[in-house]
Amino acid sequence: MPASRARAIRAARVASLLKSLAHPARLMLVCTLCEKEASVSELEEELCVHQPTLSQQLNVLREAGLVESRREGKQIFYRLTDERAVQLMGALGAIFPSKPKPPF
């Protein structure tokens with residue numbers, strides 16, 4: 001395979017991952033799921049995202065293969081399944097720390 005073709009395939013994969021994360025609610029979800037598995041009710045409370053929006057965004061992440069769910073009784077728990085997303089969130093956390101650094 002020519003290098004340019006391999007580069008194009010890789011760029012498409014990266015773009016797909018970035019597209020999956022390109023929403024504030026999905027970024028918050030992935031950030032939270034990097035730390036722990038969580039139920040829908042825990043995510044709703046912790047992120048202050050209403051259930052319909054939460055379900056919609058979790059579905060996008062599930063379709064992208066970034067999260068998986070499991071049922072325990074009436075509760076559904078989600079966990080992050082893609083190590084690349086964990087690494088990317090770590091890099092984003094270093095670039096955009098929660099406490100901004102002074103410009104100089």
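This is a short walk through the structure, one selection at a time. Keep in mind that the model is predicted.

**Stop 1: the whole chain**

Show everything as a cartoon and colour by secondary structure. You should be able to pick out five helices and three strands. Going along the sequence, the order is α-α-β-α-α-β-β-α. For a sense of scale, the C-alpha atoms fill a box of roughly 50 × 45 × 20 Å along the principal axes.

Now switch on a surface. The accessible area is about 7,400 Å², and carbon and sulfur atoms account for 57% of that. Of the 104 residues, 26% are buried. If you like contact maps, here is one number to go with yours: take contacts between residues at least 6 apart in sequence, and 49% of them join residues at least 24 apart.

**Stop 2: Lys-19, on the outside**

Select helix α1, residues 3–21, and find Lys-19 in it. Is Lys-19 buried or exposed? Its relative accessible area is 65%, so Lys-19 counts as exposed. While you have the distance tool out, pick the C-alpha atoms of Lys-19 and Glu-44: they sit 22 Å apart in space, with their positions 25 residues apart in sequence.

**Stop 3: Leu-29, on the inside**

Next, go to helix α2 and select Leu-29. Leu-29 has a relative accessible area of 0%, which is why it counts as buried. What is Leu-29 in contact with, once neighbours within four places in sequence are set aside? Select Leu-43, Leu-47, Leu-54, Gln-57, Leu-58 and Leu-61 to see those partners.

Keep Leu-29 selected and add Leu-92. Those two are 63 residues apart along the chain, and their C-alpha atoms are separated by 14 Å.

**Stop 4: the largest pocket**

Leu-92 makes a handy bridge to the next view, as Leu-92 is one of the residues lining the largest pocket. Here is the full selection to paste in: Leu-27, Met-28, Cys-31, Cys-34, Met-89, Leu-92, Gly-93, Phe-96, Pro-97 and Ser-98. The space in this pocket is about 190 Å³.

Which helices each supply at least two residues of the lining? Colour α2 (24–35) and α5 (83–95) and you have them. The biggest share comes from α2, with four residues.

Then recolour the lining by residue class. Eight residues are nonpolar and two are polar, with no charged residues in the lining.

**Stop 5: Ser-39, in a strand**

Move on to strand β1, which covers residues 38–39, and select Ser-39. With a relative accessible area of just 2%, Ser-39 is buried, because the cut-off for that is under 20%. Leaving out neighbours within four places in sequence, the residues in contact with Ser-39 are Gln-75, Ile-76 and Phe-77. Show them as sticks.

**Stop 6: salt bridges**

Finish with the charged side chains. How many salt bridges does a search of the whole structure find? The count is five, and three of them are worth a visit here.

Start with Glu-37 and Arg-70, whose side chains meet at 2.7 Å, N to O. Glu-37 is in the loop between α2 and β1, while Arg-70 is in strand β2 (residues 67–72), so this salt bridge ties together parts that are 33 residues apart in sequence. Both ends are partly exposed: Glu-37 has 31% relative accessibility, and Arg-70 has 34%.

Leave Arg-70 on screen and add Glu-72. The side chains of Arg-70 and Glu-72 also form a salt bridge, again with an N to O distance of 2.7 Å. Through their shared partner, Glu-37, Arg-70 and Glu-72 are joined into one network. Glu-72 is partly exposed as well, at 46% relative accessible area.

For the last selection, take Glu-68 and Arg-79, another salt-bridged pair at 2.7 Å, N to O. This pair links distant parts of the chain, with Glu-68 in strand β2 and Arg-79 in strand β3 (residues 75–80), eleven residues apart. Glu-68 is partly exposed, with a relative accessible area of 40%, and Arg-79 is partly exposed at 40% too.

Technical notes. Residues are numbered from 1 along each chain as its sequence is written. This is a predicted model: local features need pLDDT of at least 70, side-chain atom pairs count only at pLDDT 80 or more; totals for chains, interfaces and linings use all residues. Side-chain values use heavy atoms; hydrogens and water are left out. On a 1 Å grid over the protein atoms alone, a cavity is a set of points where a 1.4 Å probe fits but cannot get out, and a pocket is an open set with protein on both sides within 12 Å along at least five of seven lines; lining residues have an atom within 4 Å of a point. Grid points are joined across faces, edges and corners, and a volume is the space filled by probe spheres set on the points. Ala, Val, Leu, Ile, Met, Phe, Trp, Tyr, Cys and Pro count as nonpolar, Asp, Glu, Lys and Arg as charged, and the others, Gly among them, as polar. Buried means under 20% relative accessible area, exposed over 50%, partly exposed in between (1.4 Å probe, protein chains only). Contact means heavy atoms within 4.5 Å. Accessible areas come from the Shrake-Rupley method with a 1.4 Å probe; for residues, only the protein chains shown count as cover. A salt bridge is a side-chain nitrogen of Lys or Arg within 4 Å of a carboxyl oxygen of Asp or Glu.
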